[in-house]
Amino acid sequence: MGSFDRVVRGGVVVTGSDTVRADVGITGETITAIGLDLATDGAEVIDAGGLLVLPGGVDPHCHIEQLDPDGSSYEDSFAQASAACFAGGTTSVITFAAQFKGQRLGPVLAEYHRRAAQGMVDYSFHQIINDPFYAVVQEDIPEVVASGVRSLKVFLTYDDVRIDDRQYLRVLAAARRAGAIVTVHAENYDAIGWLTEALLKAGMTAPKYHAWARPTVIEREATHRAIALAELVDQPIQIFHVSGPEPAHEIAAAQDRGLKVWGETCPQYLVLDAADMDRPGFEGAKFVCSPAPRGQAESDGLWQAIRAGTIDIISSDHSGHSFYKEGIGKQRNGTDAPFTRIPNGVPGLAARMPIIFSEGVSKGRIDLQTFVRLTSLNAAKLFGLYPRKGTIAPGADADLVLWDPTRKVTITNNLMQHAIDYTPYEGLEVTGWPQITIARGRVVMQDGVVTAEPGSAKFLARGPYDLIRPRGVLPNGFDASAIMI
Ligand SMILES: [Zn+2]
């Protein structure tokens with residue numbers, strides 16, 4: 001041996017299934033050996049003594065440099081968001097290419113490719129389908145999927161981007177034909193609209209009423225419906241950002257029946273609270289995201305669903321809106337804007353893995369293997385990146401995080417390394433922190449210093465894979481998705 005470019009020596013290697021003391025040999029961008037006392041002659045040695053060696057995080061749901069219909073974009077550039085990823089131990093992301101009404105998908109996707117290539121973190125996209133007109137369904141979706149973007153995203157709510165049930169069925173059918181998974185933002189659009197109208201008329205406009213406009217029942221109903229319609233089409237789906245046990249139960253019930261339905265949650269539903277939106281003045285706007293953060297009972301219920309395997313992925317749902325800048329971000333419509341006019345979403349690229357490690361592993365709720373599955377392996381598998389990403393194995397990309405499981409850190413915004421001027425997790429104490437991040441064989445972060453070069457990102461094209469193949473079970477045997485409508 002002795003042929004490695006780098007050897008990560010003396011750490012404890014943790015994958016989704018194992019914890020072993022071993023060295024990791026890296027040649028170029030690839031892991032080429034895992035073994036005891038690997039030869040290090042000629043290799044750069046990276047000392048992992050006292051550290052865990054984890055697969056680089058895969059964050060399969062984050063909004064980076066996403067465009068709004070008015071042409072403005074979320075504040076993080078791909079380069080800045082990449083730094084945040086590496087600072088928090090994440091080495092791959094799936095972000096979004098957003099179609100707006102009337103747009104064909106080809107130019108939309110090309111624009112996002114152009115932007116993402118300027119970053120450092122490896123990336124793929126979920127193609128957001130906002131307007132599934134015939135040419136999009138017939139021509140564009142098959143082309144997008146064939147190009148390696150093997151997941152579509154739909155919103156069942158939000159004025160600008162929601163699709164109705166009939167359109168959702170068209171997207172499910174198109175995904176089934178093309179061999180893609182569909183991810184779903186599940187909240188009931190009309191119920192939110194009705195409650196919002198009443199709240200505004202009653203003068204209840206403060207940030208906290210964001211949660212009042214979208215109680216859990218609205219998410220549970222939409223989750224149930226999203227699953228039922230997916231069952232009708234026989235199309236695998238993932239429910240995004242499950243906020244509590246009620247929607248999780250809908251997913252569990254579907255999984256019990258053998259449906260291909262997966263669930264994701266995010267740190268904001270585990271450590272934030274509806275009461276955060278009731279902080280004085282406009283402060284509550286920092287925490288406005290959808291679904292809304294709930295409470296302790298919901299967080300406890302989510303941990304239960306995580307342990308049961310109902311929810312098997314934790315993403316950041318990172319959304320880059322600053323809080324303190326006048327005229328943009330959360331203040332886009334002023335500091336007395338009603339909750340309906342506060343941009344939704346919280347930043348969280350760098351905070352994701354430390355929070356899940358601390359709240360999960362350090363507090364004894366989950367074991368190390370479960371942590372790796374939640375933050376890396378399962379997303380890689382569900383979205384077709386495995387075994388290149390999500391594990392530590394010969395042949396996999398050398399994406400590693402050297403993790404100090406005992407280090408105590410108080411989260412502050414400057415540790416997050418995003419372009420956003422606040423973190424909703426300010427002041428949260430965590431135990432466990434990434435010390436070194438290695439992406440495709442290069443050390444890209446050490447002790448908080450990011451050294452990667454903008455433009456070093458790679459697009460992760462995703463080919464066909466078995467996990468998301470439809471089951472072949474249709475309610476009455478008639479496959480309507482085979483007919484182009
Ligand atoms: Zn999102």
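**View 1. Ring pairs join Tyr112, Tyr123, Phe125 and Phe459 into a cluster.** This is a predicted model, where local features need pLDDT of at least 70, side-chain atom pairs count only at pLDDT 80 or more, and totals for chains, interfaces and linings use all residues. Residues are numbered from 1 along each chain as its sequence is written, and side-chain values use heavy atoms, leaving out hydrogens and water. Searching the whole structure turns up 13 aromatic pairs (Phe, Tyr or Trp rings, the six-membered one for Trp, with centres within 6.5 Å; planes under 30 degrees apart are stacked, over 60 edge-to-face, the rest tilted).

**View 2. Here's the pair of tyrosine 123 and phenylalanine 459.** The ring centres are 5.7 Å apart and the planes sit at 45 degrees, so this pair is tilted. Tyrosine 123 is in strand E9 (residues 122-128; a strand is a DSSP run of E, at least two residues, numbered from the N terminus). Phenylalanine 459 is in the segment after strand E19 (449-450), 336 residues apart from its partner. Buried or partly exposed: which is tyrosine 123? Tyrosine 123 is buried, at 4% relative accessible area (buried is under 20%, exposed over 50%, partly exposed in between, using a 1.4 Å probe and protein chains only). Phenylalanine 459, at 24%, is partly exposed.

**View 3. Two lysines sit over rings.** Lysine 286 lies over the face of phenylalanine 323, 5.0 Å from the ring centre. Lysine 381 has its charged end over the ring of tyrosine 386, 5.1 Å from the centre. To count, NZ of Lys or CZ of Arg must be within 6 Å of the ring centre and within 35 degrees of the ring normal.

Methods:
Helices (H or I, at least four residues) and strands (E, at least two) are DSSP runs, numbered from the N terminus.
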